Amino acid sequence: MKLILVLAVALQVFISNTECYNYKEVVQKSLLFYEAQRSGKLPADQRVKWRKDSALNDKGVHGEDLTGGYYDAGDFVKFGFQMSFTATILAWGLIDHKKGYEEADSLEEGRKALKWALDYILKAHVSENVLYAQVGSCTTDHNNWGRPEDMTEARPAFMINTTHPGSDMAAETAAALAAGYMVFKDVNATYANTLLTHAKQLYSFAYKYRGKYSDAFTDVEGCYNSSGYEDELVWGAAWLYRATEDKTYLTYVDKEYTPIQYYIGFSWDQKAGGADVLLAKITGDSKYLTKMKNYCDQIMTTQQRTPKGLIFISQWGSLSSTAYVMQICLETAALGVNAATYRAEAKKQINYMLGDTGFSYLVGFGSKYPTHCHHRAASCPDAPATCGWAQFSTPDPNPHVLTGALVGGPGANDDYTDVRNDYVHNEVATYYNSGFQTVVAALIELGYSD
Ligand SMILES: *[C@@H]1O[C@H](CO)[C@@H](O)[C@H](O)[C@H]1NC(C)=O
Ligand SMILES: *[C@@H]1O[C@H](CO)[C@@H](O)[C@H](O)[C@H]1NC(C)=O
Ligand SMILES: *[C@@H]1O[C@H](CO)[C@@H](O)[C@H](O)[C@H]1NC(C)=O
């Protein structure tokens with residue numbers, strides 16, 4: 001009996017050693033990436049020292065202070081919808097995989113990364129039915145290359161309000177604040193309650209004044225056109241129910257659920273799968289769990305794969321799309337559905353990203369990783385050296401290592417070239433990292449780290 005146990009343990013160690021990555025280091029590095037994306041006045045404990053204060057004049061149309069928050073990707077726009085989604089996912093991980101963060105010695109830093117977004121969101125929600133949705137222009141921001149610290153272009157602020165509503169954006173932001181409340185309620189009740197008050201107001205605004213945020217102000221259309229808001233109304237209500245246990249929010253779920261298109265992944269634009277697994281968890285209703293089982297089974301058995309095994313969902317940001325799907329399937333596994341299969345697949349997909357093909361897609365992790373990611377700040381040498389389109393075009397590596405950033409990732413044939421101008425495969429984004437980081441925290445919690 002004892003011998004069998006010893007053999008089993010030895011075998012397990014052998015198997016896990018065939019693909020061994022330090023997941024704790026991954027979480028720690030991913031959190032550094034969030035620091036590199038910070039806008040506004042940087043705090044004294046900022047660890048990414050090559051970034052300095054920037055965009056200190058960001059303000060609303062009536063002069064409201066809109067400094068802070070995160071730059072979205074390799075550019076300098078603060079896209080509120082994507083920032084809120086990033087915050088919701090970071091909070092989800094901190095709630096459901098707190099132990100994983102603790103084991104990675106990253107609970108404090110994880111909370112800081114979330115709070116950086118939430119503090120900005122509180123500023124942007126200037127009154128009950130007015131939310132600033134974006135600072136910086138999708139069209140003009142992309143005409144420049146250089147450091148955020150040196151920006152001189154106009155930084156227009158765009159809002160949603162009762163005449164120009166954005167139910168998708170407002171409900172996602174409500175979700176972020178409600179999930180944030182759950183993270184902070186035992187840390188700082190005053191702060192948490194403020195988050196919850198804003199969450200409730202924003203959900204009412206989203207529910208009562210219907211529309212898509214990209215119809216409210218067209219600047220964002222060319223960057224992040226929204227496909228609809230019904231899924232965010234369900235998702236936001238699910239989070240508010242989880243935070244408050246107020247059954248009214250479940251009636252909103254029931255009212256809004258029917259028209260939603262399911263089985264289309266989980267992303268800043270598509271909340272269906274995330275809402276299903278969250279509802280399965282908090283209501284215990286098997287109809288949601290059955291949907292998730294069918295969804296995850298289909299993803300793992302019939303979804304397109306690259307020759308080297310990456311589940312391939314989208315050309316643009318392929319790795320992040322896969323990570324998000326692994327996240328909701330790990331949540332499904334935690335509810336007792338096909339747990340061993342889903343967990344093994346999640347680990348395999350993450351290991352593809354971290355080096356199983358001989359290359360790590362996480363900047364600064366492993367021995368071979370992207371050195372030319374599409375990121376303006378990292379491509380610039382330290383001031384006072386000038387920085388412009390010459391730095392975009394140079395074949396030289398980025399002077400700064402953008403540690404912890406997950407790049408877009410390969411195409412359908414594992415094809416990938418580490419060049420700066422390929423923003424489809426080699427850009428980074430705050431919402432690329434959030435799902436990925438959450439999956440890695442979950443794997444740590446499962447005991448999969450070395
Ligand atoms: C409402 O939002 C729209 C779209 O952002 C904006 O054009 C309009 O000025 C806003 N209305 C008010 C009263 O601020
Ligand atoms: C708790 O949050 C409030 C509101 O954000 C803040 O003023 C206060 O300093 C925080 N308290 C602690 C102990 O961090
Ligand atoms: C954005 O979506 C709307 C439909 O809601 C469509 O009319 C518009 O052409 C789209 N814009 C872009 C730039 O794709």
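Q: Which residues count as being in contact with Glu427, leaving aside its neighbours within four places in sequence?
A: In this predicted model, Glu427 is in contact with Ala73, Gly74, Asp75, His374, Leu406, Val407, Gly408, Asp422 and Tyr432, beyond those neighbours. Contact means that heavy atoms lie within 4.5 Å, so each residue named meets that limit with Glu427.

Q: Why is Glu427 called buried?
A: Glu427 has a relative accessible area of 13%, and buried means under 20% (exposed is over 50%, partly exposed in between, with a 1.4 Å probe and protein chains only), so the word applies to Glu427.

Q: What makes the pair formed by the side chain of Glu427 and the backbone nitrogen of Gly74 a polar contact?
A: The side chain of Glu427 reaches that nitrogen at 2.9 Å, and a polar contact is a pair of N or O atoms within 3.5 Å, where within protein one must be able to donate a hydrogen and the other to accept it, while residues adjacent in sequence count only through side-chain atoms on both sides. The side chain of Asp418 likewise reaches the backbone nitrogen of His372, at 3.1 Å.

Q: Which residues touch Asp418, not counting those up to four places away in sequence?
A: Asp418 touches Tyr369, Pro370, Thr371, His372, Cys373 and Asn426.

Q: What is the basis for these values?
A: Local features need pLDDT of at least 70, side-chain atom pairs count only at pLDDT 80 or more, and totals for chains, interfaces and linings use all residues. Residues are numbered from 1 along each chain as its sequence is written, chains are lettered from A and ligands numbered from 1 in the order in which they are written, and side-chain values use heavy atoms, leaving out hydrogens and water.
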